[in-house]
Amino acid sequence: MYLHPSDTPGTNLVTEQLVGNENYGVWSRAMLIALRAKNKTGFIDGSCEKPSENSPLLHQWERCNAIVLSWIMNTVSKELFNGIAYSTNAQSVWKDLKERFDKVNGSRIFSIHREIGSLVQGNMTISVYFTKLRQLWDEYASLVTLPSCGCATFRAYLEHDQQQKLLQFLMGLNESCGGIRNQTLMMNPLPTVGQTYSLISQEESHRGIIAGSNNPSNMPAVFYTNTTKYKAKEEIRCEHCNWIGHRKENCYKLIGYPPGHR
């Protein structure tokens with residue numbers, strides 16, 4: 001129940017604003033991380049119970065509860081704010097929002113699977129493509145609760161899950177990455193998704209450097225200046241002697257050679 005001087009009611013813990021079913025998963029996850037960092041999750045999960053009326057800690061608990069409640073109000077839309085403005089308990093507000101918007105159904109899971117299967121790199125960079133894929137994986141993991149244990153079966157499942165993510169990542173890459181994709185699939189054991197992304201990202205950067213060095217726009221400006229002057233001089237031709245490099249009015253055969261000229 002400690003409050004730091006920076007723990008004020010006007011603080012916005014997260015940038016995501018809760019609007020409804022469509023973003024409750026992202027919002028609640030971000031809020032839990034922020035509240036855990038503030039050591040205030042006990043006020044929304046009920047583990048930090050309200051002291052009795054005669055307890056000397058009652059006033060401090062009410063202060064912390066009001067702070068947590070204000071943090072929740074700061075991150076919901078105006079329509080939702082009107083519905084919780086008269087609430088006095090952070091736990092009841094959190095529970096109410098969860099019951100209203102935490103809807104996990106098969107249609108959303110199906111939609112995520114379809115997005116993962118149809119996502120391709122296209123005109124995106126490797127970084128943008130991988131980030132979008134990671135977002136879909138993380139959202140799916142938040143919707144599906146899997147047992148966590150240290151048995152051999154669970155470790156085998158984790159390895160299979162990593163392999164599936166690696167194949168999904170490789171399938172969406174452009175054909176220009178076909179060479180490094182084939183090399184990755186020939187490795188034994190297969191690398192992780194993160195290791196593969198790092199390799200392909202380095203390859204993309206290397207190609208960009210090579211392409212830049214072959215671009216004529218990167219050649220020294222002096223080269224173009226001299227070439228332009230030479231071509232301009234080459235296009236000048238004397239109408240009298242037909243020599244290149246001067247005009248008729250400057251032809252030595254007509255105006256005379258300067259002293260010492262061969």
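**Cores, cysteines and surface of a predicted all-helix model**

Modeller: The protein has twelve helices and zero strands, and everything said here concerns a predicted model.

Colleague: How do you know which kind of element comes next along the chain from the N terminus on?

Modeller: From the N terminus on, the order reads α-α-α-α-α-α-α-α-α-α-α-α, in keeping with the count of twelve helices and zero strands.

Colleague: What makes you say how many disulfides a search of the whole structure finds?

Modeller: The search returns zero disulfides. For C48, the nearest cysteine sulfur is that of C64, at 7.3 Å, whereas a disulfide requires the two sulfur atoms to be within 2.5 Å, so C48 is in no disulfide.

Colleague: Why are C48 and C177 put in their classes, buried or partly exposed?

Modeller: Buried means under 20% relative accessible area, and partly exposed lies between that limit and 50%. C48 has a relative accessible area of 24%, so C48 is partly exposed; C177 has 8%, and therefore C177 is buried.

Colleague: What makes up the largest nonpolar core, and which residues have the most contacts inside it?

Modeller: The largest nonpolar core has 27 residues, and L18, W27, M31, V68, I72 and L97 are those with the most contacts inside it. At least two residues of this core come from each of α1 (24–37), α2 (42–45), α3 (58–73), α4 (78–84) and α5 (90–101), and α3 gives the most, with eight residues. In soluble globular proteins, nonpolar side chains tend to be buried together.

Colleague: Which residues does M31 touch, not counting those up to four places away in sequence?

Modeller: With those neighbours set aside, M31 touches L13, V14, W71, I72, T75 and W94. There is also a second, separate core of 19 residues, with F130, L166, F169 and V193 among them.

Colleague: Why is S77 assigned to its class, buried or exposed?

Modeller: The relative accessibility of S77 is 6%, which falls under the 20% limit, and therefore S77 counts as buried. S77 is found in the loop between α3 and α4, where, not counting residues up to four places away in sequence, S77 touches Q17, L18 and V19.

Colleague: What makes the nonpolar surface patch, and where does L190 lie?

Modeller: L185, M187, L190 and L199 make a nonpolar surface patch of about 310 Å², and L190 lies in the loop between α9 (178–185) and α10 (193–213). At 35% relative accessibility, L190 is above the 20% limit but not over 50%, so L190 counts as partly exposed; a patch member needs over 30%, and the value for L190 is 35%.

Colleague: Why is R108 given its class, exposed or partly exposed?

Modeller: R108, which is found in helix α6 (residues 106–118), has a relative accessible area of 29%, between the limits of 20% and 50%, and is therefore partly exposed. Leaving aside neighbours within four places in sequence, R108 is in contact with E115, E139 and L143. R108 and Y140 are 32 residues apart in sequence and 9.0 Å apart in space, C-alpha to C-alpha.

Colleague: What percentage of the residues of the protein count as buried?

Modeller: Of the 262 residues, 28% count as buried. The accessible surface comes to about 17800 Å², of which 54% belongs to carbon and sulfur atoms. Among contacts with a separation of 6 or more, 56% are accounted for by residues 24 or more positions apart.

Notes:
Residues numbered from 1 in each chain as written. Predicted model: local features only at pLDDT ≥ 70, side-chain atom pairs only at ≥ 80, totals over all residues. Heavy atoms only, no water. Buried < 20%, exposed > 50% of the residue type's maximum accessible area, 1.4 Å probe, protein only. Core = buried A, V, L, I, M, F, W, Y, C linked by side-chain atoms within 4.5 Å. Helix = DSSP H or I, 4+ residues; strand = E, 2+ residues; numbered from the N terminus. Contact = heavy atoms within 4.5 Å. Patch = residues over 30% accessible without salt bridge, like charges linked within 9 Å, V, L, I, M, F, W, Y side chains within 5 Å. Areas by Shrake-Rupley, 256 points an atom, 1.4 Å probe, with all protein chains shown as cover. Salt bridge = Lys/Arg side-chain N within 4 Å of Asp/Glu carboxyl O.
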